[in-house]
2 protein chains.
Amino acid sequence: MCVDWCIREEGVDEKKIEFLGNKMCIGNGYFGYRGTLEEYGKDQLAACTVSEIFDDNGNGWREPVNVPNGLYTWAEYAGEKLTVLDAQAESHVQELYIDTGTHRRETVFAAGDGSRIKVESERFASLSDLHMLVMRCQVSADRDLELRVCTGIDDDIWNINGNHFAETEIQEKDGVDGIVCRTIQDGRSVAVAAKICITAGASVTDKKQDVTVIHASLKKDVPFVMEKYTAICKETDCQDVWESAVCCCMESAERGFEFLKEEQRRLWGERYRRLGIEIKGDEEAQQAVLYSAYLLYSSAPAHTDRVAIPARGLSGQVYKGAMFWDTEIYMLPMFAFCDPAIARNLVMYRVRNLEGAREKAAEYGYRGAFYPWESQENGKDGCTLYNLTDIFTGRKIRTYFRDKQIHISADVAYGLWKYMEVTGDKEILLEGAAEVILECARFFYSYAYYKKDKERFEFLDVTGADEYHERVNNDAYTNYMIRLTAKAALDVLDLLKRAYPDRYEELMAEIDYRDEEEHIRDLYENIYLPEPGAGLVIEQFDGYLKGEDLSLEELYSRIIKPNEYLGSPTGLTVNTQIIKQADVVLLMSLLGDAFTEKVKEKNWEYYEPRTEHGSSLSTCIYALLAAQVGKTEWAYKYLMKAAKIDLTGDYKLYLGDLYIGGTHPAANGGTWMVVVQGFAGLDVKDGGIRIDPHLPDKWEELKFCFGYAGSRYRAAVRRREIEIRCESPESAELKVTCRGKEYLCTPDESLKITY
Amino acid sequence: MCVDWCIREEGVDEKKIEFLGNKMCIGNGYFGYRGTLEEYGKDQLAACTVSEIFDDNGNGWREPVNVPNGLYTWAEYAGEKLTVLDAQAESHVQELYIDTGTHRRETVFAAGDGSRIKVESERFASLSDLHMLVMRCQVSADRDLELRVCTGIDDDIWNINGNHFAETEIQEKDGVDGIVCRTIQDGRSVAVAAKICITAGASVTDKKQDVTVIHASLKKDVPFVMEKYTAICKETDCQDVWESAVCCCMESAERGFEFLKEEQRRLWGERYRRLGIEIKGDEEAQQAVLYSAYLLYSSAPAHTDRVAIPARGLSGQVYKGAMFWDTEIYMLPMFAFCDPAIARNLVMYRVRNLEGAREKAAEYGYRGAFYPWESQENGKDGCTLYNLTDIFTGRKIRTYFRDKQIHISADVAYGLWKYMEVTGDKEILLEGAAEVILECARFFYSYAYYKKDKERFEFLDVTGADEYHERVNNDAYTNYMIRLTAKAALDVLDLLKRAYPDRYEELMAEIDYRDEEEHIRDLYENIYLPEPGAGLVIEQFDGYLKGEDLSLEELYSRIIKPNEYLGSPTGLTVNTQIIKQADVVLLMSLLGDAFTEKVKEKNWEYYEPRTEHGSSLSTCIYALLAAQVGKTEWAYKYLMKAAKIDLTGDYKLYLGDLYIGGTHPAANGGTWMVVVQGFAGLDVKDGGIRIDPHLPDKWEELKFCFGYAGSRYRAAVRRREIEIRCESPESAELKVTCRGKEYLCTPDESLKITY
């Protein structure tokens, strides 16, 4: 396989600093470090964002905490700072090697005296020790000279809502410097410690106000080399954060940079092997797809189920560092099929937070579980009631994301159910997943209204996936997903009764559910599902088709201010048919079997020109359904948009006056979905899998790996031929459906299907 | 009785022109003529607004038509126009005599040569011939001089949305000049004709471009006198509008100004006698209350049931000349108790328009009758979907007045039922009123949602009386009024079954209602009625009490632009507890018996400081409930605000950028309600009346007349004593309840009650 693992940017461009901070981000699920340069400070949005530690300092909303910047480093020569901010760079390159998760920079400065000084660095967020942020810096010159390298832990750090630490305490032990901080709201401790090792080049070291100053005597073309082992330890998994941090630093320093980097290659390599994606004939797509997977993995909690993946990964604090419904709908599928341990963490995160969802339901006067729209580590909804500011009046806008996007509970139940279907891990039901699904169904029953004259349950005053239209009735996506939740709940009850009758009895008593089964069945049987109408289009919600039907161009021509919010309550799209993102199309891409090919095609064709793609959740889903219905060239176009979103920076930076930049894990996950679930057409079906390929013209072959019910498989899809090989010995036979025909894949030999 | 019948304004003030146009308005239910001077044109908003003729010229919305101005007249001396717009007035007075419905002006101009010229006029909208607008003009000088009096029919007229006539045709016959016009939308004809009679002063007449120019030779202190008989004839009641107009002019000219004015005195006198309101000890209140009644009568359709009373009477085109719910709730009571023939017209207007209400219900996917929010002569809803403009962006605001104020159908049913209770006119049921009530109830059943887990019907996504909070759930006013509608429907069915079994059978088949009875009973028995909660307050709608609780001062301090709209979707009140107008308090003032005295008091106290009184429908209702619970000084304060609203001009002129000036018939009707239903405490009760006085301190005695079940009564309420006398011979005994005790009033002797 020929893959270009390197993402490369040349030259210095101040306007790109924020964008590269996202694009060149590194992370290991424990923390993320933005793709900023070592000399950058808070004005350049340098940030090391940690998972699991959130704080509300009263200045806005509760957000994840950025910790002091342990990489803070720059060189000085002849009184001049050799940074891209202060000096002219003769050449500058910034690279991200996704095969090792390593960020690299190389800058040549031309000093006033004609000497050329090269500053290089490499860094990675260690996968073998999640606390470690490891860096190697190198400075060399084209002549003998003396210079200074300054390095420290910068605690004057960027936070959207300002400082989050009530106390910070400077520490030193055994040559390790550090800072221990405690958050304002919950008094959570986090330590950042750094050990500096000078591995080449003569030097003398002293300290100036917490900055270590290294006086280096360079010989022509002989580099000065420094390694810096920065540890980040949080109270959530360390008893004494400072002691742990010191320990981590010492250990890593002992293992050394090269050893740790090899570990990176091995561990990242394992991840890519789990995905196994190879696209023959399209290097650009190959790179973009792997880069997407890289970003998604960078934020994935391989080590814990106390958090899932935030909407902007660990690239910063945007969207409150919160977990949304995209975890289940966009990110879970890749992990469910390829890395079930991480998938389990993602779904167990919801199980852990059932109590918060119950509380939220009760807060609104409902029963059951109403999951938070913006879920943080504590199970509470981080979503505020006034999320946006009207840029015309400067007044806060009352938004209903928190109150009305009830589909979140259906998405959670769907995610859990799908996880079980793919992995076969039914044991999770006994670990709390059953309660989650049952309580979500109970919530919907308590939310439902019955229309007596039409003999059906309706769901009123909700917001669907398309957030531009708030507070609508009978949103198609919502209603179908609720029905699926009710079905899942009934299936859970059946399964428990059959397989775990004691647990069933216990649970019914525990959550007082005995009468509920009848309600859920009533809901399941009588919920109103909007059917395809004229032109086979399913109306997105009651009255949607009565909205003004105008082109996107016409809509855009009405914009008065560049960042004005287009959605509810008074944005330009509100009384129109222009939608923010895939909604009915999302429904059809998820519940494909519920709709005919023709219906899917017609709805894609109706909604596509009316979609503003104002969310990074949109293009991947249009690509997915397009691939599923054989519109492969459309699908390819949108796949590339989705896969390259974080490479090109072609996304919205503001919603009204709210900054929403960062990486896009949902689009990253969606990219995998388009490739594997779209172009290869992989899904679970009737106790096996379905595969239904529609390859883009330029793809000669698509290879990928997947798991099903505990076994691992490797598939190759070519024009007219599919090959599937089981890679787990002692697996059961796998039923494979392709184009309506059934096949069996046995562990011993590869299955070849001609289609 | 000592009454000052004259409303008087001295001096010229350009800024008051618009206000006096409303305040000094005359009208006879057939047309209204604004209180503008004869020399005024469209820039001064001179207008003769006719009822029953509406037009949509495509420039905005359908509105009533202003007809050419038959009073257009001015004098000229020495090349100078003697108008308040062109010349300096030495003195100027404008008067409205409400005992005859006569507008008078007297202006003295000082000419350049030192002569003083006095211009006087008197005008009235004839009650004896509704087509006639009658004027007498008089010009005199303090020396002999020659001047010109110019008079014509001004067809360059004010219309909010511009010209409404596709054709105008100048006519002349037998010395009568005129214009015949045809509306654009429906091609409706209307003629304005004028006959000029010079009754004193030598003169020569000629014509210049449709203006009659009279050359008058004045002798010192000997007036020139001209009478002008203007007829307005509309296609709605004249076969040939031009011939009819000529006829009317001739007849009136023959009868003469003085005769017609005597008729005015007699006919207006009859109206005031029907009310019989005398307030001893408070001349200011006496005048304001009679002035309110004058304005209400001026717009009342005594002659037809094809229209009711528009929201701004006949003072202009504001609010599309449409009839709202205030007809039933605010204006009907005075007529039901004092002038049942007019009351019958008002309610029959709804009966006539049942088909339009059925169509509106069907348009929204409901059954039954959903009455128009803004009802014009054709039964269709004149209310547009975008009623306001956002003054920050210049964009139209989607308002939900038309879609969500479903209480309109309950108000219509309530009005009809109340009319029947007061007048005893059950025959109206056979003339279509039964269908109206039944179809309104059917509409509500089809609108209702059943909450299975709470076993109740709820009404979702409605707007109550308080229009600032749109699209709320379980609005208390709405739900209670719906229950009352359901009850009325069940009572109608019982009554028909008992009294008119044939008609009952016929009707059930006609409107396919046989199964509906069970539905309506279900609704009646299981509708959710918000009960008094903490502090005995009834929450205005679900979640209202969670709104920001701030003072009016604080709210006002947030205003950025003077006319910004405070209501939905994003106005300043939306997420607060500040309401536009009486809502729960309205409910309690109407359905008093459903709530205890304590509950009424507590709700008054809770809502009053949170009410912005941004509608003229508000203060009278606060006064009404305050009077009913014995808060008489509060009640008095608000009564005076309501009664004097059109005298002081203390009302909003703009909603956003929408002009809403004019007279306020709802406040006018509400004034009568406060006096008679509030301070005297008159209401129907258990087949008789209830009287429960709470007089303000300064009122020594309050006298008023009322009708009940076809008989007329005269009441005097004094401190501690009530006297009721029947004025209709052969009446049945009247049961009178006062402070829980029952009395009987017989036709023979006056009933005295000590309380």
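**Note on a predicted two-chain model**

1. Nine residues of domain 2 of chain A are in contact with eight residues of domain 3 of chain A. This is a predicted model. On the domain 2 side, three elements of chain A each give two or more residues: helix 5 (326–338), helix 9 (407–423) and helix 20 (665–679). Helix 20 of chain A gives the largest share, three residues.

2. What is the chemical make-up of the side of domain 2 of chain A that touches domain 3 of chain A? Seven of its residues are nonpolar and two are polar. No charged residue takes part on that side.

3. Now the domain layout. Chain A is divided into three domains. Domain 1 covers 7–273, domain 2 covers 324–679 and domain 3 covers 701–754. Taken over C-alpha atoms, the centres of domain 2 and domain 3 of chain A are separated by 31 Å.

4. Next, how the chains are related. A turn of 180 degrees, with a shift of 0.0 Å along the axis, lays chain B on chain A. The RMSD is 0.0 Å. The two copies are therefore related as by a two-fold rotation axis. In chain B, the C-alpha of Tyr450(B) is the nearest to that axis, at 2.5 Å. Both copies use the same surface: 100% of the contact residues of chain B recur in chain A.

5. How many residues of each chain are in contact with the other? The count is 17 residues of chain B and 17 residues of chain A. On the chain B side, helix 10 (433–447) and strand 22 (449–451) each supply at least two residues. Strand 22 of chain B has the largest share, with three residues.

6. Which classes of residue form the side of chain B that touches chain A? Seven are nonpolar, four are polar and six are charged. Set this beside the side of domain 2 of chain A that touches domain 3 of chain A, which has no charged residues.

7. Last, the core. In soluble globular proteins, nonpolar side chains tend to be buried together. Here the largest nonpolar core holds 500 residues. Within that core, Ile437(A) and Ile437(B) touch the most other members. Which residues does Ile437(A) contact, leaving aside its neighbours within four places in sequence? They are Ala413(A), Leu416(A), Trp417(A), Ala488(A), Ala489(A) and Val492(A).

Notes
Residues numbered from 1 in each chain as written. Chains lettered and ligands numbered in written order. Predicted model: local features only at pLDDT ≥ 70, side-chain atom pairs only at ≥ 80, totals over all residues. Least-squares fit on C-alpha atoms with pLDDT ≥ 70 in both. Contact = placed C-beta atoms within 7 Å. Domains from an automatic or database assignment. Helix = DSSP H or I, 4+ residues; strand = E, 2+ residues; numbered from the N terminus. Nonpolar A, V, L, I, M, F, W, Y, C, P; charged D, E, K, R; others polar. Core = buried A, V, L, I, M, F, W, Y, C linked by C-beta atoms within 7 Å. Buried ≥ 20, exposed ≤ 12 C-beta atoms within 10 Å, placed from the backbone.
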